[in-house]
Amino acid sequence: MAIVSSTSDSVRTSTAPVTGLESVPWQQIIKGAIRDPNELRRRLGLPLVPDQDEASVAAAHQQFRTFVPEPFLSRIRLNDPNDPLLRQVLPVAEEAIEVDGFRNDAVGDMDATRQDGLIHKYQGRALLITSGVCAVNCRYCFRRHFPYETAPRSEAEFDRALAIIRGDESIREVILSGGDPLMLTDDRLKCLIDSIAAIGHIDRLRIHTRLPIVVPQRVTGSLVKMLRNMRPATFVVLHINHPNEIDSDVEKAIESLLESKSMLLNQSVLLRGVNDDATTLIELSERLVALRCIPYYLHQLDRVQGAAHFEVPVEQGLQLIQEMRNALPGYAVPRYVTEIAGEPCKRLLGG
């Protein structure tokens, strides 16, 4: 697919501007998400899948279901099969091709699981799988094969994981991940966060989420108040891959999160046909720092089965990072990293 990086206001989007969603509960927006790849194509004015690819696309959709909410859909260009946001969410035939070196558990989550829903890979940090669902299904997701049926659902199930954290004083930071932790209601999220905050040796809480980007209405006043009143230092790690993902509603959501006194970071994945050019990455970093969100990581693609068509060679990634360093101040250049299963930390690429 051709690379498209323009964020011009004149670009025509997939629908008329989404209006009235400010007053619609975010849960209702989630319920209205597109779940059918043919419906997604129809809404965007794209032809249906060619006959020779139909079975492969259907298999990709069955293995990892299509899920695209309206706010994200509204940022995708009409009649453009090469749109960088569309490429992240539309099932394609390449997903059904098994590629050597790509596997279901690309980053060794299962080997690092200490208790259902508790992953402990790195010294001082533990990760909780708080939800088995996201607000959008990104086709490159490294957990697209994760057995979410084993993740905690009830307070008692979460407490079994928290008991391990309570008993291990070497753990100073808890990471809420998933799925997406902000798919929990405010009440359920507060209950979980309060339980974590009550553990005396936890100094930091990190929330990894894509919801403020794909459904910015999720950033409610009650969520901001909850985060502002927390005891552990809080870091909200957003996931934005392309500047076109940031519209005025996303800007407002980020501004609201800043009011929670949380540190805002962003992580991106380097994706072929999405952001594998310096112009796009530089523009993304400039947009982020203007919003007071630090570009934190640029991830080399995790080699999960079904996502090989997104992979960018490391050599190209290193060149892109160098071009970013030439154009941006140091704080606006993310660290280019890869995760190797079993290693004690992420590996920095290029020094």
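Lysine 261 sits in the loop that runs between helix H10 (248–259) and S7. In this predicted model, lysine 261 turns out to be exposed, because its relative accessibility comes to 70%, and exposed means over 50%. There is something else to spot here: the phi of lysine 261 is positive, about 65°, even though the residue is not a glycine. Most residues other than glycine have a negative phi.

Asparagine 79 makes a good companion case. Its phi is near 60°, again a positive value in a residue other than glycine. Asparagine 79 also belongs to a loop, this time between helix H4 (70–73) and helix H5 (84–89). With a relative accessible area of 48%, asparagine 79 is partly exposed. The backbone has another feature to look at, in the loop between S4 and H7, where glycine 179 is placed. The peptide bond leading from glycine 178 to glycine 179 is cis, and its omega is near 25°. For comparison, most peptide bonds are trans.

Now for the helices. Helix H7 (residues 186–197) is built from 12 residues and spans 16 Å from its first C-alpha to its last, close to the 16 Å expected at 1.5 Å a residue. Its buried residues are Asp186, Leu189, Leu192, Ile193, Ile196 and Ala197. These cover an arc of only 135° around the axis, so they end up on the same side of H7. And what does that buried set pack against? The partners are strand S3 (125–129), helix H6 (155–166), strand S4 (173–177), strand S5 (204–208) and helix H9 (221–228).

Helix H6 can be read in much the same way. H6 has 12 residues, and the stretch from its first C-alpha to its last is 15 Å, close to the 16 Å expected at 1.5 Å a residue. Phe158, Ala161, Leu162 and Ile165 are the buried residues to look for in H6. Looking down the axis of H6, these buried residues fall within an arc of 100°, so they line one face of the helix. The cover over them includes strand S1 (113–115), strand S2 (118–119), S3, S4 and H7. H6 and H7 thus turn up in each other's lists: H6 is among the elements that the buried residues of H7 pack against, and H7 is among those covering the buried residues of H6.

Next comes the empty space inside. The structure holds 1 cavity of 30 Å³ or more, and the largest cavity contains about 70 Å³ of space. Which residues line the largest cavity? The lining consists of Asn266, Ser268, Leu281, Leu284, Ser285, Leu288, Pro295, Tyr297, Leu298, Met324 and Pro334. Two or more of the lining residues come from each of strand S7 (263–269), helix H11 (278–290) and strand S8 (294–299). H11 gives the largest share, 4 residues. Sorted by class, the lining has 8 nonpolar and 3 polar residues, with no charged ones.

One of those lining residues, leucine 284, deserves a closer look. Leucine 284 is part of helix H11. At 3% relative accessibility, leucine 284 counts as buried, because buried means under 20%. Leaving aside neighbours within four places in sequence, leucine 284 is in contact with Ile240, Asn241, His242, Pro243, Ile246 and Ser268. Ser268 is itself on the list of residues lining the largest cavity. Leucine 284 and glutamate 251 are 33 residues apart along the chain, and their C-alpha atoms are separated by 13 Å.

Valine 333 lies in the loop between H12 and strand S9 (335–338). Despite being in a loop, valine 333 counts as buried, at 13% relative accessibility. Its contacts, again leaving aside neighbours within four places in sequence, are Pro295, Ile321, Met324, Arg325 and Leu328. Pro295 and Met324 also appear in the lining of the largest cavity. Between valine 333 and glycine 132, 201 residues apart along the chain, the C-alpha separation is 31 Å.

Finally, glutamine 322 is found in helix H12 (residues 314–327). Glutamine 322 is partly exposed, with a relative accessible area of 35%. In sequence, glutamine 322 and alanine 278 are 44 residues apart, while in space their C-alpha atoms are 9.2 Å apart.

Definitions and conventions. Residues numbered from 1 in each chain as written. Predicted model: local features only at pLDDT ≥ 70, side-chain atom pairs only at ≥ 80, totals over all residues. Heavy atoms only, no water. 1 Å grid on protein atoms, 1.4 Å probe; cavity = no way out; pocket = protein on both sides within 12 Å on 5 of 7 lines; lining within 4 Å. Points joined across faces, edges and corners; volume = space filled by probe spheres on them. Nonpolar A, V, L, I, M, F, W, Y, C, P; charged D, E, K, R; others polar. Expected span 1.5 Å × (residues − 1). Buried < 20%, exposed > 50% of the residue type's maximum accessible area, 1.4 Å probe, protein only. Arc of directions from axis to C-beta. Contact = heavy atoms within 4.5 Å.
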